[in-house]
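User: Please take me through this model, beginning with how its residues are classed.

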Amino acid sequence: MPGSEVIGAEERQEVLDVIESGILFRYNFENVRKDWKAFRFEDEVKAFTGAKYAHAVSSGTTAVSLMLAACGVGAGDEVIVPPFTYVATVEAVLLAGAVPVFAEIDETLCLSPEGIEAVLTPNTKAVLLVHMCGAMAKIEEIKALCDSKNVKLLEDTAQALGAFYHGKSLGLFGMMGGYSFDFFKIVTCGEGGVVVTNDEELYNKAHQFSDHGHDHIGTNRGLEEHPVLGNNFRISELNAAVGLAQMRKLPTILERQKANKAFFKDVLEQYEGVTFRYYPDPSGDSATFLSFFLPTEAQTLELLKHLAVEGVDGCQYWNENKYHYIHKWDHLKNYSTIARMPIELMPNRPDYHTMKFPKSDDLIARLISMVIKNNWTAEEKAVRAEKMHRALAQVLKLKTVNA
Ligand SMILES: *Cc1c(COP(=O)(O)O)cnc(C)c1O
């Protein structure tokens with residue numbers, strides 16, 4: 001993914017700074033340290049997204065857990081989640097003691113307003129909206145729906161840093177957003193996450209919860225108050241240093257992603273039957289993926305076969321991928337846990353075996369997401385386009401051009 005492709009001198013220098021300082025930790029050593037990489041990483045995220053507050057943590061998963069905790073979502077609360085996401089979203093809800101309730105997605109690849117509406121109950125506490133594959137859900141409608149039903153809106157923006165809806169960063173529409181910086185995201189810091197919000201109180205709660213409830217007032221850790229119980233979701237200075245350098249590269253990364261995506265979209269558009277993911281604001285796509293549908297599942301499988309034969313890499317078929325779509329989540333359906341989770345004690349726990357998602361099933365079975373690389377040369381792109389043409393021509397007809 002883009003960030004991993006451009007790791008270089010800048011990241012090395014930031015990490016070296018930390019090693020040379022000997023202070024690898026986000027907190028303490030106030031009297032001897034020269035720098036706080038974590039705070040500067042947060043400043044970069046704030047500047048880029050326009051968020052008033054940002055708080056860096058150890059991963060995208062802990063970012064989701066932190067949003068749930070800070071927003072007061074916990075034991076027994078129903079949280080609406082999509083069946084198409086990285087499974088971490090669902091795990092965070094389960095570990096919070098809450099109940100994941102699944103709803104249908106639409107052509108945005110995200111939860112649909114109708115899907116959400118269909119599963120709302122008086123016990124619905126929150127919608128945990130995942131902006132999948134680098135772009136937006138129907139955020140305006142979903143926000144209006146949540147507001148009208150008095151349901152909290154939280155955004156899992158792990159995959160959506162760099163994506164905007166009419167100029168506003170995803171992650172700032174609900175109460176909180178959470179970005180991931182793992183290896184498969186637009187920029188990386190080894191492992192890390194950042195939550196953003198415009199609400200000072202939520203920010204303070206998040207800051208405290210992520211560090212065992214410390215109030216972070218004053219410089220003597222031993223004398224700090226603990227207004228709440230919490231956890232350790234702290235990021236290390238080493239990871240934050242990498243994240244800082246990567247954030248500075250994000251504008252350039254995005255430009256190249258968009259150009260590379262447009263190049264290959266052009267190829268696909270020449271074939272009859274190819275349709276694309278729906279973007280409520282196409283210009284706000286971060287272009288990490290080029291996601292498209294074929295008319296039938298059989299044609300999709302056939303095309304994947306030919307793409308593989310041609311050596312066109314990075315073609316994600318989420319339908320067979322064990323992490324991203326619900327029908328392969330046997331561990332969830334069987335409540336396969338090591339220690340018991342709160343949900344296992346709930347007499348009314350949902351039976352995840354019997355859920356049906358006809359709309360989502362149909363979309364996911366016909367969906368291919370091509371990973372868009374940042375560093376492709378013009379020659380590599382030309383060769384790839386030829387390979388794609390050869391594969392596509394095996395399955396679909398070229399559009400006839402009307403003069
Ligand atoms: C990657 C991802 C996460 C988890 O992020 P990590 O940094 O890997 O913990 C959560 N939700 C979604 C939608 C993701 O894609």
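Analyst: Ala, Val, Leu, Ile, Met, Phe, Trp, Tyr, Cys and Pro count as nonpolar, Asp, Glu, Lys and Arg as charged, and the others, Gly among them, as polar. This is a predicted model, in which local features need pLDDT of at least 70 and side-chain atom pairs pLDDT 80 or more, while totals for chains, interfaces and linings use all residues. Residues are numbered from 1 along each chain as its sequence is written, and side-chain values use heavy atoms, without hydrogens and water.

User: How do the residues of the lining of the largest cavity divide?

Analyst: A cavity is a set of points on a 1 Å grid over the protein atoms alone where a 1.4 Å probe fits but cannot get out, and lining residues have an atom within 4 Å of a point. Met1, Gln159, Phe184, Lys185, Ile186, Thr288 and Phe289 line the largest cavity. Its lining divides into four nonpolar, two polar and one charged.

User: Which strands stand at the edges of the sheet, each with a single partner strand?

Analyst: Strands are DSSP runs of E with at least two residues, numbered from the N terminus, and two of them pair if DSSP finds at least two bridges between them. The open sheet of seven strands, with mixed pairing, follows the order β1-β9-β8-β5-β4-β2-β3. Because each has a single partner, one side is left without a neighbour in the sheet for the edge strands, β1 (53–57) and β3 (99–102).

User: Which residue in β3 is the bridge partner of Val81?

Analyst: Strand β2 (residues 78–81) pairs with β3 in the parallel sense, over four bridges. In β3, the bridge partner of Val81 is Phe102.

Terms used
On a 1 Å grid over the protein atoms alone, a cavity is a set of points where a 1.4 Å probe fits but cannot get out, and a pocket is an open set with protein on both sides within 12 Å along at least five of seven lines; lining residues have an atom within 4 Å of a point.
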